[in-house]
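Biologist: Hello! I have a structure open on my screen and I would like to learn how to read it. Could you take me through it one feature at a time?

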Amino acid sequence: MRFNIIMAKTRSERTSKKRAYTSPGGDSRIEYHKRKNAKILCGNCKEELMGVPRRMKKKSKTQKAPNRPYAGNFCSSCSRKLIKEKILNEYGVDDKK
Ligand SMILES: [Zn+2]
């Protein structure tokens, strides 16, 4: 009789992508690749944000997002529109005059 021993998989083995390959010695092995994080999208137009990395670990504050309001949440054009709207609402500028 032949028994297969089923070992519990570690967390990285369960979550990472697998790829089978043959080593130079001739035996087949499995390679584990880490998955990339999801793309960070704009909250309004759902376009990919520029200047925001997928992996935040081991990065300084200035490398994580641009230095302006709504950075990391809205793209530059959407945040520009938002800021303009806020100013118009705050100071009550009308086009009727
Ligand atoms: Zn946008």
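Modeller: Gladly! Let us start with pLDDT, which is the predictor's confidence in each residue, from 0 to 100. Here the mean pLDDT of the chain is 87, and 95% of its residues reach 70 or more. This is a predicted model, in which local features need pLDDT of at least 70, side-chain atom pairs count only at pLDDT 80 or more, and totals for chains, interfaces and linings use all residues. Residues are numbered from 1 along each chain as its sequence is written.

Biologist: What are the elements of the chain, and in what order do they run?

Modeller: Helices (H or I, at least four residues) and strands (E, at least two) are DSSP runs, numbered from the N terminus. This chain has three helices and two strands, in the order α-β-β-α-α from the N terminus on.

Biologist: Where is confidence lowest, and where is it highest?

Modeller: A general caution comes before the answer. Where pLDDT is low, the predicted coordinates should not be read in detail. In this chain the lowest confidence is in helix α1 (residues 11-15), with a mean of 79, while helix α3 (residues 76-91) has the highest, at 92.

Biologist: How do I read the overall shape?

Modeller: One guide is the radius of gyration, taken over C-alpha atoms; the globule rule is 2.2 Å times the number of residues to the power 0.38. For 97 residues, a compact globule would come out near 13 Å, but this chain has 25 Å. Along the principal axes, its C-alpha atoms fill a box of roughly 90 × 30 × 20 Å.

Biologist: How much of the chain counts as buried?

Modeller: A residue is buried if 20 or more other C-beta atoms lie within 10 Å of its own, exposed if 12 or fewer, and partly exposed in between, with C-beta atoms placed from the backbone. By that count, 2% of the 97 residues are buried.

Biologist: Now the strands, please. How do β1 and β2 run, and how many bridges join them?

Modeller: Two strands pair if DSSP finds at least two bridges between them. Here β1 and β2 run antiparallel, joined by six bridges. Ala20, for instance, has Ile30 in β2 as its bridge partner. The two strands form a hairpin with five residues between them, and Gly26 in the turn has a positive phi of about 110°.

Biologist: Why does strand β1 lie largely in the open?

Modeller: Zero of the six residues of β1 (residues 17-22) are buried, so the strand lies largely in the open. Strand β2 is hardly covered either, with a buried count of zero among its six residues.

Biologist: And how do I check the length of a helix?

Modeller: The expected span is 1.5 Å times one less than the number of residues. The 16 residues of α3 should therefore span 22 Å, and the end C-alpha atoms are 23 Å apart, which agrees. Helix α3 is hardly covered, with zero buried residues among the 16. Just after α3, Gly92 takes a positive phi of about 60°.

Biologist: Which residues does Cys42 touch?

Modeller: Two residues are in contact if their C-beta atoms, placed from the backbone, lie within 7 Å. Leaving out residues up to four places away in sequence, Cys42 touches Glu47, Leu49, Phe74, Cys75 and Cys78. Cys42 sits in the loop between β2 (28-33) and α2 (61-64). Cys42 is partly exposed because 18 other C-beta atoms lie within 10 Å.

Biologist: Is Lys58 buried or exposed?

Modeller: Lys58 counts as exposed, because it has 6 C-beta neighbours inside 10 Å. Lys58 is found in the loop between β2 and α2. Its positive phi of about 55° is worth a look, since Lys58 is not a glycine.

Biologist: What about Tyr70: where is its place?

Modeller: Tyr70 is in the loop between α2 and α3. Phi of Tyr70 is near 65°, a positive value in a residue other than glycine. With 18 other C-beta atoms within 10 Å, Tyr70 is partly exposed.
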